[in-house]
Amino acid sequence: MRLTSVFMLLFSLCVAFNAFATTNYAQRLTRLSVNEGLSQSVVNNIVQDKLGYVWVGTEQGLNRFDGYQISVINHDIDFSDKPIYLLRALNNGQIFVSTGYSGSYLIDPKTLVSKKIYSGKITPESTLFSPISVVIERGNLLYVGIERQVFTIDLRTLESNFLVALPDTVSLVRSLAFVGNDLLIGSDVGLYKLDTRQHLLNPIQFITAEKADKLNQNVKFLTYDPTLGLLVGTVRGLYVLPFDGVEFKPEHTYTLVADLNIWDYQKTEFGEFIATELGLYEIQRKSKTASKVLSFDGSRYNVTNTSVYDIMVDKNNVMWMASREQGVFYWPLQAKRFINVKSPSHPLASNTIWSIKEIDNQLWMGSDNGLIAVEHDQAVETFFQNNDPKEIFGLNAVVTIASGQYQNLKVLLLETPFGIQVFTPATGDIRNLTEIQTQLKSDDYIRGMYEAEQYIYFASNKNYYQCSKTELQCNPIDGLSEQLSTNSFYKFLAPLPTHPNDLLISTNSKLMRYNTQSHTTFLVYDFGKEDSSKFAVVDSWAADSNGTLWLATSTEGLVAISLETLEQLSEFNEKTGLLTNTIYELQLDSTNALWASTQKGLYRFDLSDRSIKLFSHHNGLPVDEFNSGASAKLKNGNLAFGSTQGMIVFDPSALAAKSTQTQIEITELALMSKNKPFAISDSIQLKHDDVGLLIRFSDFDFLDQHNDYYSAKMTGPTNADYHDVKLGKLFFSQLKPGNYQLTLFLKERGSNRELASKSLKISVAHAPYASPLAITAYVVIALALFALWLRQSNKKQQIIKNALTEMTRSQKQTGLALQATNSGIWEVNLATRTIIQQRLIQELGYKDLDDVCNAEIHKDLIHPDDYPAVEQQWFALLNKKEQDAVFEATYRMKANDGQWCWYHDVGRISEFQDGIPIKVSGIYSNITEQKATNMMASILGDAFGQINDWLLILDANLLPIAANSTFCHAFDIVQGQIKDLSIPQFRRR
């Protein structure tokens, strides 16, 4: 909380009533009951295993707690409905469990596998169950009490042996303890000693007969203390039975704690504690008394039964307490490190502390209602207190305390909402400073007071002042008001070590330094543009040995700047993990740590390794909300901070960070697709269709979970990073097949320093049809099919290639044949009325035409005398509509040079569509030369027909073309058959 000018003006409207009260530790209890998941609320025993789990045995079920959730043990044996009478954590890491009707077991905390070591019946013939009531461990043996007998159980073989039976007057063995070779046995009717070497059993009368009764002879607890001897806890009182190293001295037994019913005992670095029917008590050995620490009925939970049946202190110094009504309560023993000093009891007393000052071995606190003197961590007297409940509350608030001297008497100057009051402790006299310094007016608003070695500095709404500490002579500070307006002034701070003679002034949005000699101001730190909606000020500072100046700011958190260059080095605020951006007071301790007060608790910054720890109500601090301006480093090294609930004093060295080994453990591995969870291990195997993987983990630090956070990194087929994992759990809906590694990190909030890590290997199987083996088979099959296809393809390619070669050869032969006979190919498309042929270009010389031309062009080139015959043959072919119908025609076509060429065409219908011819293909032959030869032969034949000699005309190939009649008559040849003859035929004739 901070007092600003606006707050000060409104302060008079606030009314508060705070009464003196001692520290109520019960208000800081945390509960684990049925509401939080416990199987049942009547708790008999609590233990912590080596992993860190806290095991809770109830009247109905065995539970364990990992810091985030409670789970009921029902792995291979269902303990959810069994009454748990006794729990012990053994040296080998196993948990010993004694049940009411099912015998006793050893449980492995990692696998949760149980081994039954006792049936629950002393003999097989017994009709009643006899649970183990007490157990201690010595070497490889367990010494257990059953009814009035003591047995041993060998942890190696799990064999049990009878050891001793107490007299018939005994009903129950309640406690066991070894002192040397003597086994001390506490029963419901007295104390016994068994010499294990000679096997001699003797009673010990530790209380004289006249003082002994049923209650103080009912021995419930035994433990040996090297300093005192044997501690004997009974239903009425805790006794000390001295031991001289050889034998016990019953005649010197004395009462350490009277009357209380002793259920359990724990000795810690924070003190000795006993569990009683009235709550938790702490033993004072010197005075042989015990003082109450807390009681369940003083907690915020509605508890009426105050009995504490069992206590356990875990590895982080957390006290766990078993109740008979609402489960388990736990409380940080660290709370004992903090002293909460509150105002003396008065109806109008205030515990809101605004200022702390140590003067001449006297500690003073300034509260909302007066000045409080403190001696030996106790508030002894209040001054300047308003005792009228009808007066406006807050007028007597003491914001700042300074020391001075007036009229040869030591005085205290008290900054209040209505000016500076001068208080003389020797006489109790109080007067306003305006009565001493008339230049100060009663309506001046005085604020920001700071005490230096020779002067006291403060400001009013009009000017800045310095007052001598000897006679309280006050004068304006020359030149300062002209350079810094008092409207933005917040307060004076201690000078920087680099400029001890300059004033350091905190204003809204700036931290300024003022040199009184040169009347010059210098900027130390600037918040940036002034924002009327934010009160951005520096409340305090601290300089470390490395030359770093630490600034406690109201809006930017903790800011580190160079003391030499004033360059900003770093900052710690909500962005870096702090719970607030508002820092009030800074104090350096002797361990090189910087303490900072906030509205969220106290932060400890270790300047050596930059680690950060928050102290709050979670880990023992009585209050979380602190006030601006209220802190002091006391002469004994203790630190004091003012809060809304008194002054908190502590030894910072006792709270220094300890080098404890922090570790993360996986606490649960479960699948939505699998009813039974996995056994905890460093690797798990998942099926391809497994869904809903839940991973829980914990560091088992039940107090500092708010100081640390988890992050995680997943590598594998899918990579992912997870920051600030909540509640110690991760959930994956489904993972792709493959191998993963999940790494969990525990990091310190604020510094992000890694504290611990844990890795888990996750292997997700492939679906049978998608496994590497299946994919390999697919590849092999695909390659085989490809090879077969390639072979067939090559074979087909070869066939095609051979066919193509044959076709090419045939085409060449056909081409040669056509070329040799002056022939070519033509095709008519009846649908498009086009003709494909080469004779128009190659033979007739129409170079401007294409191989594909319109049928009309072809028609126009036919000799008019020949066209009718050609047309007749063409339509005759089309009308037949038969595949074997033949078109044959001899006709003339006009060449480009005007000559007429003779052609003989033969063709057939080559393609039908719906029974209608659409294509006709054929061959044309250029017979122009043949026609000319025949004509010439006919002419010559007619000319030589009149010659009587034989006349035979041969062509260039010596084939007959024509002969005269005389030749034909001589050889008996018909004139028309001359061309069909050959020379050999003539020879035969």
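**Exercise 1. Tyr-455 and its ring partner**

Task: In this predicted model, determine whether Tyr-455 is buried, partly exposed or exposed, and classify the aromatic pair of Tyr-455 and Tyr-457.

Solution. Step 1: Tyr-455 has a relative accessibility of 30%, so it counts as partly exposed, because that class lies between the 20% and 50% limits. Step 2: The structure holds 44 aromatic pairs in total. In one of these, the ring centres of Tyr-455 and Tyr-457 lie 6.2 Å apart, with 50 degrees between the planes. Step 3: An angle over 60 degrees would be edge-to-face and one under 30 stacked; the pair is therefore tilted.

**Exercise 2. From Tyr-457 to Phe-492**

Task: Establish how the rings of Tyr-457 and Phe-492 are arranged and which strands the two residues belong to.

Solution. Step 1: Tyr-457 has a relative accessible area of 9% and is buried. Step 2: The ring centres of Tyr-457 and Phe-492 are 5.8 Å apart and the planes meet at 45 degrees, so this pair is also tilted. Step 3: Tyr-457 belongs to strand β39 (residues 455–459) and Phe-492 to strand β42 (residues 489–493); with their positions 35 residues apart, the pair links distant parts of the chain. Step 4: Phe-492, like Tyr-457, is buried.

**Exercise 3. The surroundings of Met-319**

Task: Locate Met-319 in the secondary structure and list its contacts beyond four places in sequence.

Solution. Step 1: Met-319 is found in strand β27 (residues 318–322). Step 2: The relative accessible area of Met-319 is 0%, so the residue is buried. Step 3: Beyond neighbours within four places in sequence, Met-319 touches Phe-273, Leu-280, Ile-311, Met-312, Val-313, Phe-329, Tyr-330, Trp-331 and Leu-333. Step 4: Thr-268, 51 residues from Met-319 in sequence, has its C-alpha 9.9 Å from that of Met-319.

**Exercise 4. Salt bridges of Asp-724**

Task: Identify which of the salt bridges of Asp-724 with Lys-726 and Arg-749 links distant parts of the chain.

Solution. Step 1: The whole structure contains 32 salt bridges. Step 2: Lys-726 and Asp-724 form one of them, with the closest N and O atoms 3.1 Å apart. Lys-726 is exposed, at a relative accessible area of 53%. Step 3: Arg-749 also bridges to Asp-724, with a closest N to O distance of 3.4 Å. The bridge of Arg-749 links distant parts of the chain: Arg-749 sits in the loop between β63 (738–748) and β64 (754–764), whereas Asp-724 lies in strand β61 (residues 720–725), 25 residues apart. Step 4: Arg-749 is partly exposed, at 21% relative accessibility.

Conventions
Residues numbered from 1 in each chain as written. Predicted model: local features only at pLDDT ≥ 70, side-chain atom pairs only at ≥ 80, totals over all residues. Heavy atoms only, no water. Phe/Tyr/Trp six-rings, centres within 6.5 Å; stacked < 30°, edge-to-face > 60°. Buried < 20%, exposed > 50% of the residue type's maximum accessible area, 1.4 Å probe, protein only. Helix = DSSP H or I, 4+ residues; strand = E, 2+ residues; numbered from the N terminus. Contact = heavy atoms within 4.5 Å. Salt bridge = Lys/Arg side-chain N within 4 Å of Asp/Glu carboxyl O.
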